[in-house]
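Hi,

Here is the structure I promised to pass on. Have a look at it first, then read my notes below.

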Amino acid sequence: MHPNQDALNAFHERWRQISARRRFAPNQSVEHFLAWADPSTARPRDRNWIAACAKVEDHVTRFGVLPQSDGRHHGISERRLANWIRYQRRSYDTLSEYQKERLQLLEGWAWEPREERWLDWLNDYETFIREN
């Protein structure tokens with residue numbers, strides 16, 4: 001289950017409309033949506049991606065955070081999910097729009113988490129300097 005089911009439902013409704021318009025010339029994003037909608041007709045690689053994404057969504061639903069690579073909280077399965085996430089971030093240029101948008105629905109998702117964390121610290125520092 002997705003941590004924000006309403007957002008996921010709206011996301012899939014939008015992709016349902018897109019796929020209806022492109023039914024005679026589906027692109028990679030439409031194929032990924034169709035892999036979610038009817039896994040029996042999808043390529044194994046697309047089914048695997050959807051399944052892995054669902055595991056990450058389930059982890060976020062259960063624990064409230066993205067899986068961490070140290071796996072100290074939930075063991076080896078968390079580490080595998082964190083590695084999958086890291087691979088998705090590195091594969092940004094090869095992911096379809098469907099895949100990118102679905103990942104971005106996750107609470108806490110960032111394409112460059114270290115850079116965002118650094119910018120947050122910089123903002124906190126600037127706020128501290130202004131206030132003090």
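The buried residues of helix 3 pack against four other helices: helix 1, helix 2, helix 4 and helix 5. Buried here means under 20% relative accessible area, exposed means over 50%, and partly exposed is in between (1.4 Å probe, protein chains only). Helices (H or I, at least four residues) and strands (E, at least two) are DSSP runs, numbered from the N terminus.

Before you go further, keep in mind that this is a predicted model: local features need pLDDT of at least 70, side-chain atom pairs count only at pLDDT 80 or more, and totals for chains, interfaces and linings use all residues. Residues are numbered from 1 along each chain as its sequence is written, and side-chain values use heavy atoms, with hydrogens and water left out.

Back to helix 3. Its buried residues are Asp46, Trp49, Ile50, Ala52, Cys53, Val56, Glu57, His59 and Val60. If you wonder about the spacing in that list, an α-helix has 3.6 residues a turn, so residues three or four places apart point the same way. How far apart should the ends of helix 3 be? At 1.5 Å a residue (times one less than the number of residues), its 20 residues should span 28 Å, and the end C-alpha atoms are indeed 28 Å apart. Right after helix 3 comes Gly64, with a positive phi near 80°.

Now the core. A nonpolar core is a set of buried Ala, Val, Leu, Ile, Met, Phe, Trp, Tyr and Cys residues joined through side-chain atoms within 4.5 Å. The largest one has 24 residues, and Trp49, Val56, Trp84 and Leu103 touch the most other members. Two or more residues each come from helix 1 (5–21), helix 2 (28–37), helix 3 (44–63), helix 4 (76–90) and helix 5 (97–104). Helix 3 gives the most, with six residues. Contact means heavy atoms within 4.5 Å, and leaving aside neighbours within four places in sequence, Val56 is in contact with Leu66, Pro67, Leu81, Trp84, Ile85 and Leu106.

Three more residues to click on:

- Gln88 lies in helix 4. Is Gln88 buried or exposed? It is buried, because its relative accessible area is 3%. Apart from neighbours within four places in sequence, Gln88 is in contact with Trp49, Leu95, Leu103, Trp109 and Trp111.
- Trp111 sits in the loop between helix 5 and helix 6 (113–131). Trp111 counts as buried because its relative accessibility is 19%.
- Glu31 is in helix 2, and at 30% relative accessibility Glu31 counts as partly exposed. Not counting residues up to four places away in sequence, Glu31 touches Pro26 and Arg43. Glu31 and Thr61 are 30 residues apart in sequence, and their C-alpha atoms are 26 Å apart in space.

Finally, zoom out. The chain has six helices and zero strands. Its C-alpha trace spans about 60 × 35 × 30 Å along the principal axes. Of the 132 residues in the chain, 33% are buried. Among contacts with a separation of 6 or more, 50% are between residues 24 or more positions apart.

Happy clicking!
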